[in-house]
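Please open the structure in your viewer and keep the sequence at hand. The tour below proceeds by selection, one stop at a time.

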Amino acid sequence: MRTSYLFKQVTGLITIFIFTFVAHYYVRDIYLEINNTVLQRLLMIIAISFLFFVFNQLIYNYAKKNQDKFMKHKVWNKMFFIVFIYLSVSIVILITLFFITPLQALISSQQWIMLIIMYYFLFLLNLFILSIVHKVVIQSTTIEKKLLLTWGSSSIVIFMVLFL
């Protein structure tokens with residue numbers, strides 16, 4: 001059981017690293033430019049939806065290992081508020097660092113740093129939506145259904161942000 005859990009988690013993390021290299025190559029390579037903005041946004045939605053799937057798979061593997069403890073604590077009833085505050089503070093800190101420190105120049109020269117920052121905020125967004133789903137859905141709903149709802153909801157939120 002332990003080696004299977006470790007294997008699944010490491011596979012998920014390796015998938016994220018490979019995805020990062022592919023995304024970095026796409027951003028850096030001028031020959032892969034897509035001139036159609038709708039196609040660009042659709043590709044970005046598919047890529048972010050894939051990231052949400054991997055994030056949820058990592059959470060699912062953790063939940064399966066700790067079935068009796070995961071999302072059972074009473075803090076989870078207020079987690080949407082906690083994650084929202086944490087996400088808001090993170091955004092303020094990022095904006096502050098962007099304007100006060102040489103982060104802007106660093107991101108311009110090392111674009112992979114922006115991908116890591118983006119993954120961080122996407123994971124927090126996914127966790128925020130998971131906490132809302134946990135609060136809204138019946139407590140007896142399985143974690144698989146909650147994560148499936150989270151994945152769909154997160155993808156819809158990104159779709160609305162990019163197309164509206």
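Select Trp76 first; this residue belongs to the loop between α2 and α3. The model on display is a predicted one. Is Trp76 buried or exposed? Its relative accessible area is 12%, and because buried means under 20%, Trp76 counts as buried.

Now display the surroundings of Trp76. Apart from neighbours within four places in sequence, Trp76 is in contact with Phe70, Met71, Leu127, Leu130, Ser131 and His134. For a view along the chain in the other direction, add Ser108: 32 residues separate Trp76 from Ser108 in sequence, and their C-alpha atoms lie 38 Å apart.

From the contacts of Trp76, select Met71 next. Met71 also lies in the loop between α2 (37–65) and α3 (79–100). With a relative accessibility of 7%, Met71 is buried. Its backbone deserves inspection: phi of Met71 is near 60°, a positive value in a residue other than glycine.

Return to Trp76 and move to another of its contacts, Ser131. Ser131 is part of helix α5, which comprises residues 111–136. The relative accessible area of Ser131 is 0%, so this residue is buried. Which residues does Ser131 touch beyond its neighbours within four places in sequence? They are Trp76, Met79 and Phe80.

Show the side chain of Ser131 together with the backbone of Phe80 and Phe128. A polar atom of the Ser131 side chain lies 3.4 Å from the backbone nitrogen of Phe80. On the Phe128 side, the backbone oxygen is 2.6 Å from a polar atom of the Ser131 side chain.

Finally, select the whole of α5 and, with it, helix α6, residues 143–163. How do the two helices cross? Their axes come within 9 Å and cross at roughly 125°; the two are therefore oblique to each other. The crossing of α5 past α6 is right-handed.

To see the contact itself, highlight the residues on each helix:

- From α5: Leu122, Leu125, Asn126, Ile129, Leu130, Val133 and His134.
- From α6: Lys146, Leu147, Leu149, Thr150, Ser153, Ser154, Val157 and Ile158.

Colouring this contact by residue type shows 9 nonpolar, 5 polar and 1 charged. Two of the α5 residues here, Leu130 and His134, were also met at the first stop, among the contacts of Trp76.

Notes. Residues numbered from 1 in each chain as written. Predicted model: local features only at pLDDT ≥ 70, side-chain atom pairs only at ≥ 80, totals over all residues. Heavy atoms only, no water. Helix = DSSP H or I, 4+ residues; strand = E, 2+ residues; numbered from the N terminus. Buried < 20%, exposed > 50% of the residue type's maximum accessible area, 1.4 Å probe, protein only. Polar contact = N/O pair within 3.5 Å; in protein donor to acceptor, adjacent residues only side chain to side chain. Contact = heavy atoms within 4.5 Å. Axes fitted to C-alpha atoms, helices over the stretch in contact; angles between N-to-C directions. Parallel < 35°, antiparallel > 145°, perpendicular 65-115°, else oblique. Left-handed = near helix turned anticlockwise from the far one by under 90°. Nonpolar A, V, L, I, M, F, W, Y, C, P; charged D, E, K, R; others polar.
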